[in-house]
Amino acid sequence: MSAHPSPDSPSRPAPAASPASPLPPVRYLALAGPTASGKTAAALAIAREHDVEIISVDSALVYCGMDIGTAKPSAAELASVPHHLINIRDPLQAYSAAQFVADANTLMADITARGKLPLLVGGTMMYFKALFDGIDPMPQADPAIRAVLEREALQLGWPALHAMLADVDPVTAARLNPADTQRIQRALEVYRISGQPLSAFHTPKIIATHAYNTGAGGQNEPLLISLEPLERAWLHQRIALRFDTMLAEHFLDEVKALRARGDLNPDLPSMRCVGYRQAWEALDGLWPLSELRDKGIFATRQLAKRQITWLRAMPQRQVVACDAPDAQQQVLALARTFVQAAP
């Protein structure tokens with residue numbers, strides 16, 4: 001595990017994007033994979049061979065002050081190649097898939113205009129899907145409806161609300177754990193505001209800013225490289241090693257510092273990131289600190305499982321076995337072919 005940057009690291013801020021000004025599709029390379037699959041190392045290897053700028057596709061790396069628990073690239077790694085969409089939000093602020101799509105499209109156009117290749121790297125598959133398939137604007141949060149749902153949860157329990165969601169949106173309910181209270185609440189909120197299931201907003205769309213459908217086909221299409229393990233045990237071992245390294249690097253102190261601010265709470269998207277949620281609960285006394293390692297590793301394994309499930313639903317991906325001895329060489333070979341095929 002490398003050292004981690006401060007919030008003033010060399011990552012570039014997100015640009016101001018205008019949804020009213022559609023951007024032409026651009027050619028880009030994408031590298032996706034579950035947590036601990038080696039994405040950062042592979043991306044930096046690509047950057048050493050090609051003139052790229054990296055766009056982070058990670059809902060946790062957007063937050064300042066959350067460095068250890070997100071395995072954020074080190075200051076040296078961030079300085080070695082331009083990075084974007086890292087350290088662009090305070091943990092008190094939200095960042096949505098729609099915001100990511102707008103920012104990524106604007107960034108890709110800017111990077112292309114500079115004569116460089118956009119390289120999208122990360123594991124937030126909902127962001128990738130929104131970028132590839134397009135996204136409809138979802139209803140804004142409604143405090144009154146959220147308050148009603150919170151009261152219902154107190155009276156009936158979150159499993160009951162998960163069952164309610166299964167009645168009105170079985171597709172979303174099937175992919176959510178009954179303990180994922182934040183997403184269950186949001187899905188029910190969307191349904192009660194709009195009368196439509198959340199899954200209806202995630203169906204494929206062809207839109208003007210659609211970044212995957214270039215309309216030209218062939219060599220103009222982006223390339224999605226997917227790092228997926230042949231053996232889950234290999235990934236599980238790396239996840240455990242990463243979590244142990246985080247703990248050794250004083251991850252718990254990082255969470256304590258975030259709690260000490262006084263304006264954050266465990267229901268915020270930032271504090272619900274894997275690892276942070278478990279640490280917060282331990283510090284709240286919900287269970288002994290001695291269980292943090294096991295609970296954190298288990299939650300990270302579950303995250304990796306969900307990420308792989310999302311990836312397998314993307315038929316356009318080129319799979320590289322991340323546990324193969326020559327995985328990085330395979331990634332570089334795909335990237336070279338893609339770059340050489342540029343029109």
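**View 1. Ser56 sits in strand β2.** The model shown here is predicted. With a relative accessibility of 6%, Ser56 counts as buried, because buried means under 20%. Beyond its neighbours within four places in sequence, Ser56 is in contact with Leu61, His84, Leu85, Ile86, Phe100 and Val121.

**View 2. Six strands form an open, parallel sheet.** The strand order is β3-β2-β4-β1-β5-β6. Strands β3 (83-84) and β6 (318-321) are the edges, and each pairs on one side only. Strand β2 covers residues 52-57 and runs parallel to β3, joined to it by 2 bridges. In this pairing, Ile54 stands opposite His83 of β3.

**View 3. Strand β4 pairs with both β2 and β1.** The pairing of β2 with β4 is parallel and spans 6 bridges. Here Ile55 stands opposite Leu120 of β4. The pairing of β1 with β4 is also parallel, over 4 bridges. There Leu31 faces Val121 of β4 as its opposite residue.

**View 4. Strand β4 is mostly covered.** The strand comprises residues 117-122, and 6 of its 6 residues are buried. In a regular strand, side chains alternate between the two faces of the sheet. Leu117, Leu119 and Val121 point one way from β4. Pro118, Leu120 and Gly122 point the other way. Both sets are buried.

**View 5. The largest nonpolar core holds 55 residues.** Ile55, Phe100, Leu120, Phe128 and Leu131 touch the most other members. Two strands, β1 (29-32) and β2, each supply at least two residues. So do the helices α3 (97-113), α4 (125-133), α9 (232-248), α10 (251-260), α11 (276-283) and α12 (292-312). Helix α3 gives the most, with 7 residues. Another core, of 24 residues, lies apart from this one. Its members include Ala43, Ile46, Leu227 and Ala327.

**View 6. Ile55 and its contacts.** Neighbours within four places in sequence are left aside here. Ile55 then touches His84, Leu85, Phe100, Ala104, Leu107, Met108 and Ile111, among others. Its contacts also include Pro118, Leu119, Leu120 and Val121. Ile55 is one of the residues that touch the most other members of the largest nonpolar core.

**View 7. Leu85 has a positive phi.** Most residues other than glycine have a negative phi. Leu85 is not a glycine, yet its phi is about 65 degrees. This residue lies in the loop between β3 and α3. At 1% relative accessibility, Leu85 counts as buried. Both Ile55 and Ser56 are in contact with Leu85.

**View 8. Helices α5 and α6 cross at roughly 120 degrees.** Helix α5 spans residues 143-156, and helix α6 spans residues 158-168. Their axes come within 7 Å. The crossing angle makes α5 oblique to α6. From α5, Leu149, Glu152, Ala153 and Leu156 meet Trp158, Ala160, Leu161 and Met164 of α6. By class, the contact has 7 nonpolar residues, no polar ones and 1 charged.

**View 9. Helices α10 and α11 pack at an angle of about 75 degrees.** The axes are 10 Å apart. The angle makes α10 roughly perpendicular to α11. Helix α10 contributes Phe251, Leu252, Glu254, Val255, Lys256, Leu258 and Arg259 to the contact. Helix α11 contributes Tyr276, Ala279, Trp280 and Leu283. The contact divides into 8 nonpolar, no polar and 3 charged residues. Both helices also supply at least two residues to the largest nonpolar core.

**View 10. His250 lies in the loop between α9 and α10.** Its phi is near 70 degrees. That is a positive value in a residue other than glycine.

**View 11. Ala200 lies in the loop between α8 and β5.** Helix α8 covers 181-194, and strand β5 covers 223-228. At 25% relative accessibility, Ala200 counts as partly exposed. Ala200 and Met138 are 62 residues apart along the chain. Their C-alpha atoms are separated by 9.9 Å.

Key
Residues numbered from 1 in each chain as written. Predicted model: local features only at pLDDT ≥ 70, side-chain atom pairs only at ≥ 80, totals over all residues. Heavy atoms only, no water. Pairing = 2+ DSSP bridges. Core = buried A, V, L, I, M, F, W, Y, C linked by side-chain atoms within 4.5 Å. Buried < 20%, exposed > 50% of the residue type's maximum accessible area, 1.4 Å probe, protein only. Contact = heavy atoms within 4.5 Å. Axes fitted to C-alpha atoms, helices over the stretch in contact; angles between N-to-C directions. Parallel < 35°, antiparallel > 145°, perpendicular 65-115°, else oblique. Nonpolar A, V, L, I, M, F, W, Y, C, P; charged D, E, K, R; others polar.
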